[in-house]
Amino acid sequence: MAIYYNITTLNDFVILKQKDYPNAKGELSNLLSHIGTAAKIVNKKITKAGLVDILGRAGTVNVQGEDQQKLDIYADKVFTDALRTSGDCCGLATEENQNIIVFTDKFARKGKYVVCMDPLDGSSNLDYNVSVGSIFSIYRRITPRGENVGNEDFIQKGDMQVAAGYIVYGSSTMLVYSTGNGVYGFTLDPSIGEFCLSHSCIKTPEAGRIYSINEGNYVNFPMGIKKYIKYCQEKDESTGRPYTSRYVGSLVSDFHRNLLMGGVFMYPSNANAPKGKLRIVYECNPIAFIAEHAGGAASDGHERIMGLTPESLHQRSPFYTGSKNMIKKIEEFLATEGY
Ligand code: P6P
């Protein structure tokens with residue numbers, strides 16, 4: 001592994017970590033490197049957004065009926081092309097497409113993995129220069145290699161993920177991922193065009209003082225969440241309360257800050273989103289994978305998110321994730337005060 005001036009690039013690192021898996025043949029390493037390359041291409045466009053005709057709505061809506069941003073569609077295409085040409089991915093499910101994307105060429109069909117993605121999460125914030133993210137989740141395919149993939153390859157239990165992560169396009173651009181053996185963060189150095197290891201083996205504090213939720217939906221929250229929010233706001237020095245409210249409105253940014261500092265992100269069910277807003281397959285599960293492998297937790301308010309078996313690609317769920325002790329407290333409030 002070439003380490004230059006104490007720089008460990010993403011590509012170097014995934015190959016180094018591959019040595020922890022004696023049977024590994026490099027397919028997952030190759031896939032992660034392709035995701036890193038696609039992220040750099042998307043990042044280039046995002047950092048210039050506003051200067052080129054890439055901002056704003058595309059005039060189309062996605063499968064969720066949400067206005068698609070031009071950058072949503074751009075990011076979706078960049079990641080799709082990168083994964084198709086990787087040779088180790090045989091299909092893709094993304095927020096932007098109603099159905100799975102089946103890679104039919106011989107080269108890709110032999111791929112061992114499938115990927116679920118939110119190619120650009122929080123994109124409605126883009127026009128206002130608020131940070132956004134890309135989220136990915138990797139599974140071994142269930143259907144036989146060489147055949148076309150099917151839906152069953154993509155709606156697996158979150159516990160079956162072999163790797164997951166996200167890119168946060170913020171004050172700096174970071175790629176955070178785990179293959180289940182530690183959580184690692186890489187910061188993009190634009191001067192050399194490389195993601196460089198900057199956060200080794202991230203562990204999230206078991207307790208934190210930040211709670212992230214859109215309190216505009218308060219009247220429609222479950223009683224347990226209303227009570228938990230009031231609990232966060234009470235003065236109690238022994239538990240460091242009142243906590244601090246921080247909400248960007250971009251899942252990856254809110255989650256990433258809480259991962260490093262400690263805290264909880266909450267998106268309960270509410271009148272506008274009776275099943276919650278976030279999608280299990282390509283938002284909740286990959287974030288949950290990172291949370292748990294960093295020592296945190298991720299729940300639907302009742303049980304582990306990664307223990308659920310999704311029934312459909314775009315199924316939504318209430319979502320609570322972050323510091324373990326805080327998630328436990330939220331589940332207690334929901335159990336005693338009402339979902
Ligand atoms: P609200 C962005 O649209 C997103 O999917 C997540 O990134 C974010 O956490 C959430 O929705 C914000 O939703 O209803 O608070 O604007």
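## Surface and overall form

Accessible areas here come from the Shrake-Rupley method with a 1.4 Å probe. On that basis the chain of this predicted model exposes about 14,400 Å², and carbon and sulfur atoms supply 51% of that area. Of the 339 residues in the chain, 54% are buried.

The chain's secondary structure consists of eight helices and 15 strands. Its radius of gyration is 19 Å, close to the 20 Å that the globule rule gives for 339 residues, so the chain is as compact as a globular protein of that length. The C-alpha trace spans about 60 × 45 × 45 Å along its principal axes.

Two further values describe the chain as a whole. Among contacts with a separation of 6 or more, 64% are between residues 24 or more positions apart. The chain carries 36 positive and 36 negative charges, and the mean positions of the two sets lie 2 Å apart.

## The eight-stranded sheet

One open sheet is formed by eight strands in the order β4-β3-β5-β6-β7-β8-β9-β10, with mixed pairing. At its edges stand β4 (101–102) and β10 (194–199); each has a single partner strand, so one side of each is left without a neighbour in the sheet.

Strand β3 covers residues 89–94, and six of its six residues are buried, so β3 is largely enclosed by the rest of the structure. With strand β5 (residues 113–121), β3 pairs in the parallel sense over five bridges; in this pairing Ala93 has Cys116 of β5 as its bridge partner. With β4, β3 runs antiparallel and is joined by two bridges. Here Leu92 has Ile101 of β4 as its bridge partner. The strands β3 and β4 form a hairpin, with six residues between them.

## Strand β8 and its two hairpins

Further along the sheet order, β8 stands between β7 and β9. Strand β7 (residues 161–169) pairs with β8 (residues 173–178) in the antiparallel sense over six bridges, and Ile167 stands opposite Leu175 in β8. These two strands form a hairpin with three residues between them.

On the other side, β8 and strand β9 (residues 183–189) are antiparallel partners over five bridges. Tyr177 has Tyr184 of β9 as its bridge partner. The hairpin of β8 and β9 has four residues between the strands, and in this hairpin Gly180 takes a positive phi near 95°.

Is β8 itself mostly covered or mostly open? It is mostly covered, with six of its six residues buried. Both faces are covered: Thr173, Leu175 and Tyr177 are buried on one side, and Met174, Val176 and Ser178 are buried on the other.

## The five-stranded sheet and Ser299

A second group of five strands forms an open sheet in the order β12-β11-β13-β15-β14, again with mixed pairing. Its edge strands are β12 (244–245) and β14 (297–299), each of which pairs on one side only. Three bridges join β14 to strand β15 (residues 319–322), and the two run antiparallel. Within this pair, Ala297 stands opposite Gly322 in β15.

Ser299 also belongs to β14. The relative accessible area of Ser299 is 1%, and buried means under 20%, so Ser299 counts as buried. Apart from neighbours within four places in sequence, Ser299 is in contact with Arg304, Ile305, Pro318, Phe319, Tyr320, Ile327 and Glu331. Ser299 and Lys277 are 22 residues apart in sequence, and their C-alpha atoms are 14 Å apart in space.

## Helices α6 and α8

Helix α6 (residues 251–261) is mostly covered, with nine of its 11 residues buried. The buried residues are Leu251, Val252, Ser253, Asp254, Phe255, His256, Arg257, Asn258 and Leu259. Just after α6, Gly262 takes a positive phi of about 95°.

Helix α8 (residues 324–337) holds Thr336. Is Thr336 buried or exposed? Thr336 has a relative accessible area of 62%, and exposed means over 50%, so Thr336 counts as exposed. Thr336 and Met223 are 113 residues apart in sequence, while the distance between them in space is 9.5 Å, C-alpha to C-alpha.

Methods. Residues numbered from 1 in each chain as written. Predicted model: local features only at pLDDT ≥ 70, side-chain atom pairs only at ≥ 80, totals over all residues. Heavy atoms only, no water. Rg over C-alpha atoms; globule rule 2.2 N^0.38 Å. Buried < 20%, exposed > 50% of the residue type's maximum accessible area, 1.4 Å probe, protein only. Contact = heavy atoms within 4.5 Å. Lys, Arg positive; Asp, Glu negative; His and termini not counted. Charge placed at Lys NZ, Arg CZ, Asp CG, Glu CD. Pairing = 2+ DSSP bridges.
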